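Visitor: Could you take me on a close look at one part of this model, and then show me what lies around it? I'd be glad of one connected walk.

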Amino acid sequence: MTAPLLQSNDVSRQFTVGSGLFSKKQTLMAVNGVSLNVEKGDVLALVGESGCGKSTLALMLLGLLPASSGTILLNGQPVSSIPRLELARRVQPIFQDPYSSLNPRKTIGDIISLPLRVHNIGAPEERQGMLEAIMDLVGLPKRYVTNYPNQLSGGQRQRVAIARALIMRPELVICDEPTSALDVSVQSQILNLLMDLREELGLTYVLISHNLAVVEHIATRVAVMYLGRIVEERETDALFTTAEHPYTHALLASVLTPEPRLGIPDSQLGIEFPNPIDPPSGCTFHPRCPHATDACGIRAPRQIPREDGAFVECHIYDDDEAVTLKSVAA
Ligand code: SF4
């Protein structure tokens with residue numbers, strides 16, 4: 001059996017906050033025991049509210065932030081043991097705001113071909129051929145080679161960012177809200193481009209998104225994050241039709257939110273997202289959960305396996321715990 005393309009095993013990342021002279025230092029657990037498998041060709045979406053830990057997890061997957069504990073493997077090899085340049089060739093990011101991620105003083109040609117120069121790949125004429133090929137693939141006319149980012153539209157700039165990410169043919173692409181800074185009219189063009197490129201180049205994506213309509217459109221699996229943990233993970237179709245975790249239900253109820261970056265409106269859950277420095281006891285979702293019992297505030301739920309490698313973390317689905325829940329409630 002071959003190893004998954006990407007595997008995270010019980011990965012955690014904590015930060016110490018409070019650096020003032022008189023302020024007490026506290027620990028913020030941004031990612032807490034995350035285990036994930038991403039198979040080649042998958043599009044795994046990480047969803048959850050701001051502050052749930054998905055961007056921290058993405059930085060660790062990119063090798064830009066070390067894990068406090070646990071291991072991340074790329075094709076069975078610990079990411080921490082892969083030389084920085086090699087990892088940058090094999091794992092590439094596509095960020096939310098294409099304008100801020102492109103150097104305004106460089107031409108489009110220079111921006112897209114920068115990774116080839118950094119990695120010293122090909123003679124100049126070979127690089128030119130690779131540049132033109134990737135521009136063609138992402139739908140950028142060759143005449144843009146000498147243009148600057150401010151001469152392009154938002155959608156075209158995101159195509160430049162995608163071309164730069166893919167020119168080295170990475171094994172894994174981390175897409176951080178790749179369309180949320182774009183006009184609605186061009187969002188679907190970029191999503192369709194990402195899907196076409198996945199097919200054509202055999203890419204694997206980890207997609208970070210608040211927008212469940214985007215997730216439903218392109219993800220093959222969805223991992224729902226809450227306060228640093230993945231509370232439910234399953235195939236996309238199953239998640240949208242038979243989700244089990246109460247937090248996933250709340251997320252799905254927010255699909256029709258007109259502002260894609262809003263996440264879950266507070267009204268869906270009654271109270272605000274808790275302070276990650278002082279998370280609730282037991283199941284950290286319990287203060288907002290409509291199904292919480294006394295036991296939920298005492299004991300953290302364990303991972304309950306479902307079909308096809310899916311799982312949910314909730315006492316409701318734990319046959320052993322259900323007995324205990326009744327006895328606690330009695
Ligand atoms: Fe709600 Fe309890 Fe399940 Fe947590 S464990 S999601 S509080 S029912």
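Guide: Let's start at Glu 233, which stands opposite Phe 311 in strand S12. Bear in mind as we go that this is a predicted model. The strands joined here are S10 (residues 229-235) and S12 (residues 311-313), which run antiparallel and are linked by two bridges.

Now step back to the sheet around them. S10 and S12 belong to an open sheet of eight strands, ordered S6-S7-S8-S3-S9-S10-S12-S11, and its pairing is mixed. At the edges stand strand S6 (91-94) and strand S11 (303-305); each has a single partner strand, so one side of each is left without a neighbour in the sheet. On average, and ignoring direction, neighbouring strands here are turned by 20 degrees against each other.

Follow the sheet to its S6 edge and you meet a helix. Helix H5 (residues 154-166) lies across S6 and strand S7 (172-176), and H5 runs at about 175 degrees to S6.

Residue Arg 89 is a good next stop, and its place is in helix H2 (residues 84-90). Its relative accessibility is 33%, so Arg 89 counts as partly exposed. Leaving aside residues up to four places away in sequence, Arg 89 touches His 119, Met 168 and Pro 170. Glu 171 is 82 residues from Arg 89 in sequence, yet their C-alpha atoms are 8.3 Å apart in space.

From there we can turn to a pair of helices. Two packed helices are described by the angle between their axes and the distance between the axes. For helix H3 (residues 108-118) and helix H4 (residues 124-137), the axes come within 10 Å and cross at roughly 120 degrees. That angle makes H3 oblique to H4, and the crossing of the two is right-handed. On the H3 side, the contact is made by Ile 108, Gly 109, Ile 112, Ser 113, Leu 116 and Arg 117; these meet Arg 127, Met 130, Leu 131, Ile 134 and Met 135 in H4. Sorted by character, the residues of this contact are seven nonpolar, two polar and two charged. As for spacing along a helix, an α-helix has 3.6 residues a turn, so residues three or four places apart point the same way.

Another residue to pick out in H3 is Leu 114. With a relative accessibility of 41%, Leu 114 counts as partly exposed. The C-alpha atoms of Leu 114 and Ile 94 are separated by 15 Å, with their positions 20 residues apart along the chain.

There is a second sheet to visit, too. Four strands form this open sheet, in the order S2-S1-S4-S5 with antiparallel pairing. Its edge strands are S2 (26-38) and S5 (77-78), each pairing on one side only. Strand S1 (residues 6-17) and strand S4 (residues 69-74) are paired in the antiparallel sense over five bridges. Among the residues involved, Gln 7 has Leu 73 in S4 as its bridge partner.

Let's finish with helix H1 (residues 54-61). Six of its eight residues are buried, so H1 is largely enclosed by the rest of the structure. The buried ones are Lys 54, Thr 56, Leu 57, Ala 58, Met 60 and Leu 61. Just after H1 comes Gly 63, which takes a positive phi of about 75 degrees.

Technical notes. Residues are numbered from 1 along each chain as its sequence is written. This is a predicted model: local features need pLDDT of at least 70, side-chain atom pairs count only at pLDDT 80 or more; totals for chains, interfaces and linings use all residues. Side-chain values use heavy atoms; hydrogens and water are left out. Axes are lines fitted to C-alpha atoms, for helices over the stretch in contact, and angles run from 0 to 180 degrees between N-to-C directions. Angles under 35 degrees count as roughly parallel, over 145 as roughly antiparallel, 65 to 115 as roughly perpendicular and the rest as oblique. A crossing is left-handed if the near helix is turned anticlockwise from the far one by less than a right angle, and right-handed if clockwise. Contact means heavy atoms within 4.5 Å. Ala, Val, Leu, Ile, Met, Phe, Trp, Tyr, Cys and Pro count as nonpolar, Asp, Glu, Lys and Arg as charged, and the others, Gly among them, as polar. Two strands pair if DSSP finds at least two bridges between them. Buried means under 20% relative accessible area, exposed over 50%, partly exposed in between (1.4 Å probe, protein chains only).
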